[in-house]
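Visitor: I would like to go through this structure and ask what its labels rest on.
Guide: Please look at it first.

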Amino acid sequence: MIILGIESTCDETGCALVKEGKEILSNVVSSQVDLHRAYGGVVPELACRRHVEVISMVIRQAMEETNLSFKEVDAIAVAHGPGLVGALLIGLNAAKGLSFALGKPLVGVNHVEAHLYAALMSSPTPVELPALGVVVSGGHTALLKMNGVGDYELLGQTVDDALGEAFDKVAKILGLPYPGGPQIEDLALSGSPDRFSFKPGTVKGKPFHFSYSGIKTAVLYTAKGQNSSQWEHLAIPRDQLPDLAASFQDTVLGDLAAKAALATQSFPCRSIVVGGGVANNRRLRALLEARVGLPIHWPTAQLTLDNAGMIAGLGYHKWLASETHQGLALEAHPRLSVA
Ligand code: KG4
Ligand code: ZN
């Protein structure tokens, strides 16, 4: 069973071919990071235009890398949400075109669920269930009880920014380029996390919820002075920036590790599954591993950031569960949720 997957939810255009939900035959990603860097974040209109320009090429390259013909593809899976509506429509229409032309079923995949599936796909052995799902990307931050593929219960989520977004915004304040997560991680390597004391965001009565707007403002005021805007000059010496990056990073990642550890005690949890771009962060890996005594499953590097491999992989399970669309009725859902 070979699935062709398509990803275009935000600023990466991807196409992948995956066998039996696990074996990656090709996984092509065209990143738009260069395009958005000048603006310090993703500009939706530019993202859509670039998706249109590259999607056919990306699909062709993914096919060529496998030496398969389209006839050998059994189904087309596409991320139809959540994401930027214009960006979603481009991948969705490409997928519908392929599905219609080839007479193959179309499978709609949730992008956030696919981030979690990426760790299952990466694990050589079956993941112990029920597991705690930890989604940490540029658009989403959530803790979920994962009973199986497609079966989740939401435990907590962010009430404002996503964790990756908080990294990106703090990086922008410090004058670092987009995407800010890897920049903050690198800068923090030479800094002391105890230099500045920040409080993690809490939400009253919701122990597994997250909030990053407070710490973002605290970093801004520390870096540029009380009641400043992000456009002002730095008010602290440049040599304190690594300490600021390390203090921010340890506060938000320590908070995530603490809430994840607490969440594993709220049900008979047997393992942890992490997904999304922030899973790349080595400090997160260290803090989470120090905090919980359960097996932790991380996605491999090629399945961590947005990619179509995880879409095709999860698409296989949706196809097994007969969640297919023969017509062209599948819609884009910018706010599609997992649970
Ligand atoms: O999963 P992803 O590719 O996109 C979304 O679905 O949103 O994640 C991108 C996010 C960005 O916010 C980026 O700054 C963050 O992941 N990120 C990191 C690291 N690498 C990527 N954040 C912290 N540390 C990293 N090493
Ligand atoms: Zn993503």
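**Labels and cut-offs**

Visitor: What makes the arrangement around the zinc ion (ligand 2) tetrahedral?
Guide: The 4 donor atoms subtend angles of 95 to 134 degrees. Four donors count as tetrahedral if all angles lie between 85 and 135 degrees, so the label applies. The ideal angle for four tetrahedral donors is 109.5 degrees.

Visitor: What kind of model is this, and how are residues and ligands numbered?
Guide: This is a predicted model, in which local features need pLDDT of at least 70 and side-chain atom pairs count only at pLDDT 80 or more, while totals for chains, interfaces and linings use all residues. Residues are numbered from 1 along each chain as its sequence is written, chains are lettered from A and ligands numbered from 1 in the order in which they are written, and side-chain values use heavy atoms, with hydrogens and water left out.

Visitor: Which residues are the protein donors of the zinc ion (ligand 2), and how do you know that they are donors?
Guide: They are His111 (NE2), His115 (NE2) and Asp306 (OD), at 2.0 to 2.1 Å from the ion. Donors are N, O and S atoms within 2.8 Å of the metal (3.2 Å for Na, K and Ca), and since water is not among the atoms, sites may look incomplete. The sequence spacing of the donor residues is H-x3-H-x190-D.

Visitor: Where do His111 and His115 lie?
Guide: Both are in helix H4 (residues 111-122), 4 residues apart, about one turn of the helix. Helices (H or I, at least four residues) and strands (E, at least two) are DSSP runs, numbered from the N terminus.

Visitor: Why is His111 called buried or exposed?
Guide: Buried means under 20% relative accessible area, exposed over 50%, and partly exposed in between (1.4 Å probe, protein chains only). His111 has 5%, so His111 is buried. His115, at 1%, is therefore buried as well.

Visitor: In what order do the 5 strands of the open sheet run, and what is the pairing?
Guide: The order is E8-E7-E6-E9-E10, and the pairing is mixed. Strand E8 (151-157) and strand E10 (296-297) stand at the edges because each has a single partner strand.

Visitor: How do you know that strand E9 (residues 271-275) and E10 pair?
Guide: Two strands pair if DSSP finds at least two bridges between them. E9 and E10 have 2 bridges, in the parallel sense. Val273 has His297 of E10 as its bridge partner.

Visitor: Why is Tyr152 called buried or exposed?
Guide: Tyr152, in strand E8, has 9% relative accessibility and so counts as buried.

Visitor: Which side chain makes a polar contact with the side chain of Tyr152?
Guide: That of Glu113, at 2.8 Å. A polar contact is a pair of N or O atoms within 3.5 Å; within protein, one must be able to donate a hydrogen and the other to accept it, and residues adjacent in sequence count only if both atoms are side-chain atoms. The Tyr152 side chain also reaches the backbone nitrogen of Gly150 at 3.1 Å.

Visitor: What makes helix H5 (residues 163-173) mostly covered?
Guide: Of its 11 residues, 8 are buried, among them Leu163, Phe167 and Ile173.

Conventions
Tetrahedral: all angles 85-135°; square planar, octahedral: opposite > 155°, others 65-115°.
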